[in-house]
Each structure stands twice: as structure tokens, then as C-alpha cells.
Amino acid sequence: MGSKVIECPSCGQKNRVLPAAEGIPHCGNCHKPMPWIAEAGDDDFGDVAERATILVLVDMWATWCGPCRQVSPALEQVARDLAGKVKLVKVDVDKAPKVSERFTIQAVPTLILMRDGKVVARRAGAAPAAVLRSWTDEFLRSAA
């Protein structure tokens, strides 16, 4: 479970962001919420996704999948737009067969929204950032 260095979209400061941590990541310079994008697999999915205290958008994808590669930038944009409210967790189905089986993944990409470790919504297939943002916003509003 390695950390990633992410540039703060507000001030440009580089920050180290852990895949699993208490709370949400904030910039060490300007203190604004940072986009939280992490990878998870069979061994760390519980720590990275299920124990998060904010809404988690799980991207079940595969390296050989064209639509997966197309939707990835849109998902990352949603994570940037909703920094502090949503955590994006990317799971490569070929490297995480137990997680894939647990969620009965039959097609990729499959997107899953989780709150408090429980699935609240899922959808299959790629979509533009605006559609994914609207879908995610719906569940953020229902939690408020």
C-alpha cells in the first residue's frame, strides 16, 4: 500500500496521499481537500475502500478494456471535482479476482458506489464525466 504524490489543484503544492487513512487528505500548504485516488486489490480492499469515511467510487476495470481506459480520465475528473467528498478506488479485476468475485463483476468497467462499506449503487459501462458526476452527486445529496 504505497502512497502517491499528488499536486494540489488549488495551490500546486505536492502532497503525499496514502491509499488508506483516517479522515480525508488535505493539502499541507493551503489546507484544502485533496483528490483521493487510490488503487486496491484482494489484500487491501477492506482498508482502502470499505473503511473510508466518505463516499467511495470503485472503478472495477481491466488493462485490456478500451472503455475502461476511456472512462478513467472522467472518473479522475469527478474525484478532483468532489475532493473531500468522494474517494476513487481503482481495482484491476485481473489482479483482484476475490474482489471481482465478491461483487460478481461480469463486465468492465463496472462502477460501484459504497458508503460505510456497503454498496449503495452500481452501474456497468463507460459514461462521460458529467453523467458520472450527476450519478455521484445524487448519492452525496441523499447522505446530507
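In this predicted model, Asp81, Arg133 and Asp137 are linked in a network of salt bridges. Arg133 takes part in both of the pairings described here, one with Asp81 and one with Asp137. The chain that carries this network has 4 helices and 7 strands, and a further charged residue, Asp59, is found in strand S4, where Asp59 counts as buried at 0% relative accessibility.

**The salt-bridge network**

- Asp81 and Arg133 form a salt bridge in which the closest N and O atoms are 3.7 Å apart.
- Asp81 belongs to helix H2 (residues 66-81) and Arg133 to helix H4 (residues 129-143), so this pair ties together parts of the chain that are 52 residues apart in sequence.
- Arg133 also forms a salt bridge with Asp137, and here the closest N and O atoms are 3.0 Å apart.
- Arg133 and Asp137 are separated by about one helical turn, because they stand 4 residues apart in helix H4.
- The members of the network include Asp81, which is partly exposed with a relative accessible area of 41%, and Arg133, which is partly exposed with a relative accessible area of 28%.
- Asp137 has a relative accessible area of 18%, below the 20% limit, and is therefore buried.

**Other salt bridges**

- The count of salt bridges in the model comes to 6.
- One of the pairs joins the side chains of Arg51 and Asp47, with an N to O distance of 2.3 Å.
- Arg51 counts as exposed, its relative accessibility being 59%, whereas Asp47 counts as partly exposed at 34%.

**Asp59 and its surroundings**

- Asp59 is located in strand S4, which spans residues 55-61.
- With a relative accessibility of 0%, Asp59 counts as buried.
- The side chain of Asp59 is joined to the side chain of Lys90 by a polar contact of 2.8 Å.
- When residues up to four places away in sequence are not counted, Asp59 touches Leu75, Leu88, Val89, Lys90, Val91, Pro109, Thr110 and Leu111.
- Among these contacts, Pro109 is placed in the loop between helix H3 (97-102) and strand S6 (110-115).

**Backbone geometry**

- Most residues other than glycine have a negative phi, and most peptide bonds are trans.
- The peptide bond from Val108 to Pro109 is cis, its omega being near 0 degrees.
- Thr104 is not a glycine, yet this residue has a positive phi of about 45 degrees.
- Thr104 lies in the loop between H3 and S6, and this residue is exposed with a relative accessible area of 53%.
- Asp116, likewise not a glycine, has a positive phi of about 55 degrees.
- Asp116 is placed in the loop between S6 and strand S7 (118-124), and at 56% relative accessibility Asp116 counts as exposed.

**Overall architecture**

- Read along the sequence, the helices and strands follow the pattern β-β-β-α-β-α-β-α-β-β-α.
- The radius of gyration of the chain is 14 Å, close to the 15 Å that the globule rule gives for 144 residues, so the chain is as compact as a globular protein of that length.
- Taken along the principal axes, the box filled by the C-alpha atoms is roughly 45 × 30 × 30 Å.
- Of the 144 residues in the chain, 46% are buried.
- Among contacts with a separation of 6 or more, residues 24 or more positions apart account for 59%.
- The accessible surface comes to about 7,500 Å², and carbon and sulfur atoms contribute 48% of this area.

Note on methods:
Residues numbered from 1 in each chain as written. Predicted model: local features only at pLDDT ≥ 70, side-chain atom pairs only at ≥ 80, totals over all residues. Heavy atoms only, no water. Salt bridge = Lys/Arg side-chain N within 4 Å of Asp/Glu carboxyl O. Buried < 20%, exposed > 50% of the residue type's maximum accessible area, 1.4 Å probe, protein only. Helix = DSSP H or I, 4+ residues; strand = E, 2+ residues; numbered from the N terminus. Polar contact = N/O pair within 3.5 Å; in protein donor to acceptor, adjacent residues only side chain to side chain. Contact = heavy atoms within 4.5 Å. Rg over C-alpha atoms; globule rule 2.2 N^0.38 Å. Areas by Shrake-Rupley, 256 points an atom, 1.4 Å probe, with all protein chains shown as cover.
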